[in-house]
Every structure is written in C-alpha cells, then in structure tokens.
Amino acid sequence: MKIEIDLKLCEGNERCVAAAPEVFEVRDDQAHLRIENPPDSLIEKVKLAVRMCPRQAISLREK
Amino acid sequence: MEARTAANPGAKPRELSLDTIDIVSPEHYEQNGYPHAEWAYLRKHKPVFHVEHPRTDPFWAITKAADIMEISKQPRLWLNGPRLAVFVLAPGEEALPPEALPLKHLLNMDPPEHGEYRRLLSTYFTPRSVRALEPEVTRITTEVLNDLMGRTECDFVTEISARVPVAVIAEMLGVPRPDWPRMFRWTNEIIGGGDPEFQRGENPTETFAQARMEVFEYFTNMVEERRKHPTNDVTSILANAKINGAPMPTLELLSYLLVLVVAGNETTRNATTGGLLAMIENPDQFERLKADPGMIKSAVEEIARWTSPVIQFARTATQDTVVRGQKIRAGESVCLFYPSANRDEDVFDEPFKFDIGRNPNPHLAFGIGEHFCLGSNLARLELEVIFRELAKRLESAELAGPISRLRSSFVGGIKHMPIRYKLSPARN
Ligand code: HEM
Ligand code: SF4
C-alpha cells in the first residue's frame, strides 16, 4: 500500500494526524508521511485518515 | 435506546411515519430541539427521502453520513450556488427572488471560482496560524468568566458562550472594541432573523435585508481605510487581495466579510452552550475532563459531534444521478443533515452516548470536501480554551430554569440557558 498526499489540496487541517498519528504529521501547515510503507496493522487507521481528510488530499495505491 | 435528555429532546418516543415526519419547520426545532428520533427513523427506513413542505421548495433529505460524504466530495456534480440551504419562509411570507439581496461568498460559490477565493485566506486558518491566537482567546475567555465572579446565577448563553466567538472574530478582522456589540446584533439577525426575539421589521427577510445592508456599510468604510493604510488583519488582506490580477469585486469582498462575521458566531456559541448542557447532563464526563485535562482535544471533537450546530446545507445536481439507489434528476436539490450523520449507527458505536474519550470520531459537524469549514481550527481552539477554563474553574453548574431554543432549521441554537453555578477565581 502506497500513500500519496497531494500538497496542492492539503490545507494542513491535521485530520489525518488525528486519525493516524503513527503515519502522518503536519509541518509548515502541510501533511507529511512519517513512514512511507505503513505495516498492515495501521491500514485501517490510514483508511480512516483518507475518509476524514476534508480536502481529499490523501490517496492510497495498491503496490 | 436513545437517552431522553434535554440535549436529545427529539428522542421522545413518538409515533413516526413518513407521511407526518417534520424535519423542516423552524417551529418544530424551537419547541422540540433537534428531531433526532425522526432522523433515526429516516436513516433506518428512508435515508434518501423526498420532502415537500408548504413553505419551501421540495428537496431530498440525506441522513446517512456516507451519502453526505459522497455528495460533498463531488463539487462539480453537486453545486452550492443554486440553493445554499433549505430556508423556510415564515407563515404568510412571500419569497423574494435571489437577485433582490445578492450575496456572493465561499459558501455559494462553486469550482473553479470557489478555490481561488478560498485560497486567499486558508493559510490564516490552519492549526498553526490559529494557535498563535491562543493567548488572546485565553485572555478573552478569562475576562468573560471573571465577569461572573461574585454571583451564583447567569444566562450562560448571553454572558459566556455568545461573547467569546464574537470577540475572537472581531479581533481577527480588526474591528475595534466599541463596535463589537453591533457585530453581535448583526449575526443574531442574519442567522436568527426567523426568530421573533431577533426580528426587526416585518419578517425574517426584512430583518436579514436590514442587517446585510448595515454590515455592508460598515465594512465599506473599513475596506477604504485599510486600502489607504494596510494593517495585518484579515480585513486588510481581503481589501488588498487580487483575484486574477484585479482587486476583488465589491460584492464578493463585502460578502466574504459578512460570512466571516456570521459563520463563526452562532455556531461556536451553540457548540459551547450545548457542550456545557451535555456536561451538566453527564456529570461523569465533566469529572473525567477535570481529572484529565489531556482529554480536551477529544472532548472538543465530541462536543462538535454531539451539538452539530449547523443543521444543514443543500446541493443541487448538475446532471441526473443516483444516491443510494434513488434516482435524482438534474436541477433537483438534496439537503445534507449533519446532526443526523453524527448519530449514524453505521459510523459510531453508541451514537447517542456523550463520550469525551470517543476515538476515532469521524464526525461531520464541520462538513467535508470542497466547502469544509474554513474556521474549524479556530472553532476548535475556542472550544478548547473555553472548556479548559471551565474544567479548571467551574466547581458546579446546574440548570436554573428552562432553556429556550432558536426558531431555525438551519443553525440550531439555544438562545438562553439559565444556570446556577460556583466559579473559582482564575489561577495563573
Ligand atoms: C462549532 C463551530 C462551527 C461549525 C459547527 C461550523 C460548521 C460549518 C459547516 C457545516 C460548513 C459547511 C461545510 C460543508 O459544506 O461541507 C462551514 C463552512 C464555513 N465555515 Fe464554519 N463552522 C463553525 C465555526 C466557524 C468559524 C469560527 C468560522 C470563522 C471564520 C467559520 C467559517 C466558515 C466559512 C467561511 C465556511 C465556508 C467555507 C467554504 O464554503 O469553503 N466557521 N462551517
Ligand atoms: S487531513 Fe488532509 S488536508 Fe488535513 S493535513 Fe491531513 S492531508 Fe492535509
């Protein structure tokens, strides 16, 4: 599973951090990945982050 | 089943049927609060429900969280412009054509224009930018609470929850202190003009028209001033902003300011009031917050979910489409009921339980997608500071009389909430 953040859409609202703090962090008002390839145990949280991101800035791709 | 509490008066057992359900009449909200029982019934039996009401145009009521998310995330299929929300006329009132009182702002713009206007201010409302206001918000909150010292009863709405948000947005806009009471009146009239308490003139529309004109006049002067002498407040940024290389047109500029004045006031006020009411009705949750101040962030999310101050916005289909199997034609509108999404059994465990530790809490109180609340981080900060201070200083609180509700099916509100309380002095 590969996570992508579209920084043109991201407004730094930190909803992704609320959903999956292990994976996302916000620096300088933009979201960044803390880990590129999250373990399976975090997939549900990442999916929640995708749903909660108000700007639809996060996408998931099967590798 | 659902707890029958003052925050959930709609949870009274009532015979419900699709023929008689009313989720539209402002009077119903005024008398009974949010129709949670009706929404629960619709989520179960008719999640996409066609509503006809004598005082508004027909629409489809959307009550499931997943459907609201799907619709909100397709801003080119579903427009905001044609119908912003389901507004209901007062009995006997005539509808005015929209050109009569033009407004053009973030909420009724659509892509691609919407993004250009939103970008002008989005960096001023990120968590980081807003965090810089914390000392100011704390100062305002402390001042408001200090005014209650030496007494044991107050109207929590007019004396506390209404005062903080108006002060904060006034500060951001650079409105001088002596003018704050006017801003306060305008928000009441623009959002609550359907309520007799806030009505000026013959009917809600006249009240709105009058307040709109006064806001426009006020900011016309301020904008002129800020063009001559720019400062770093938000009014100055908008007054000197460029859209496609040219200054922002006047209607757009004044409407932007008007929305900033009204959007964050009634809403944050009602989250605060409803939040305290929930704490009074669930004293164990207030004790939990007092014992563990680290819970403040999740408590604020739960207050937003629980109170859902914005009842609805609408969208209009640009082409024939389908929602949850229901065909919807181009030109028809849907109404997104946020409080219903926030009690959706498919999303939340025990949705009718007020739980300040709820995690995850993917509520939709601030909407989602293209129009996601621009001020959500500001609202969160205000609620954090207010409830942090209340948890520190409010030793006890109970209702000291009946609460009264706003006559509105657009923004839910408690107008007055008398409480009896014991407050301790500020500690530094
Ligand atoms: C608890 C308090 C608040 C609640 C519940 C709330 C709720 C909402 C909702 C539901 C929307 C529409 C979202 C959508 O269509 O998906 C919205 C939009 C908006 N809100 Fe808030 N709001 C609150 C506080 C504030 C504050 C403090 C401001 C201050 C500036 C603000 C400014 C705005 C603006 C400008 C929009 C329009 C955004 C757009 O169309 O792009 N709100 N809000
Ligand atoms: S939730 Fe979305 S918009 Fe907000 S910081 Fe994360 S990626 Fe950016």
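**Exercise 1. Which residues does Leu238(B) touch, not counting residues up to four places away in sequence?**

Before we solve it, a word on the ground rules. This is a predicted model, in which local features need pLDDT of at least 70 and side-chain atom pairs count only at pLDDT 80 or more, while totals for chains, interfaces and linings use all residues. Residues are numbered from 1 along each chain as its sequence is written, chains are lettered from A and ligands numbered from 1 in the order in which they are written, and side-chain values use heavy atoms, with hydrogens and water left out.

*Solution.*
- Step 1: look for contacts, meaning heavy atoms within 4.5 Å.
- Step 2: with residues up to four places away in sequence set aside, Leu238(B) touches Leu120(B), Leu121(B), Met248(B), Leu253(B), Tyr256(B), Leu257(B) and Leu260(B).
- Step 3: place this in the largest nonpolar core, where Phe219(B) and Leu238(B) touch the most other members out of 107 residues. Such a core is a set of buried Ala, Val, Leu, Ile, Met, Phe, Trp, Tyr and Cys residues joined through side-chain atoms within 4.5 Å. Buried means under 20% relative accessible area, exposed over 50%, and partly exposed in between (1.4 Å probe, protein chains only).
- Step 4: another core of 17 residues lies apart from that one, and its members include Ala19(A), Val46(A), Leu48(A) and Ile58(A).

**Exercise 2. Find the residues that come nearest to ligand 1, and its polar partners.**

*Solution.*
- Step 1: collect the shell, counting a residue as near if one of its heavy atoms lies within 4 Å. Of 29 residues, His114(B), Arg118(B), Arg315(B), His371(B) and Cys373(B) come nearest.
- Step 2: sort the shell into 19 nonpolar, 7 polar and 3 charged residues. Here Ala, Val, Leu, Ile, Met, Phe, Trp, Tyr, Cys and Pro count as nonpolar, Asp, Glu, Lys and Arg as charged, and the others, Gly among them, as polar.
- Step 3: check distances from ligand oxygen atoms. An N or O atom in the side chain of His114(B) is 2.7 Å from one, a backbone N or O atom of Ile368(B) is 3.0 Å from one, and a polar backbone atom of Leu106(B) is 3.3 Å from one.

**Exercise 3. Check the length of helix α10 (residues 204–228) of chain B, then find what it packs against.**

*Solution.*
- Step 1: helices are DSSP runs (H or I, at least four residues), as are strands (E, at least two), numbered from the N terminus.
- Step 2: the expected span is 1.5 Å times one less than the number of residues. For the 25 residues of α10 this gives 36 Å, and the end C-alpha atoms are 36 Å apart, so the two agree.
- Step 3: buried residues of α10(B) include Phe216(B), Phe219(B) and Met222(B). The helix's buried residues pack against α8 (163–173), α9 (180–192), α11 (234–239) and α12 of chain B.

**Exercise 4. Is Thr126(B) buried or exposed?**

*Solution.*
- Step 1: locate Thr126(B) in the loop between α4 and α5 of chain B.
- Step 2: its relative accessibility is 2%, so Thr126(B) counts as buried.
- Step 3: the side chain of Thr126(B) makes a polar contact with the side chain of Ser129(B) at 3.0 Å, and reaches the backbone oxygen of Thr123(B) at 3.5 Å. A polar contact is a pair of N or O atoms within 3.5 Å; within protein, one must be able to donate a hydrogen and the other to accept it, and residues adjacent in sequence count only if both atoms are side-chain atoms.
- Step 4: beyond residues up to four places away in sequence, Thr126(B) touches Glu11(A), Asp29(A) and Asn377(B).
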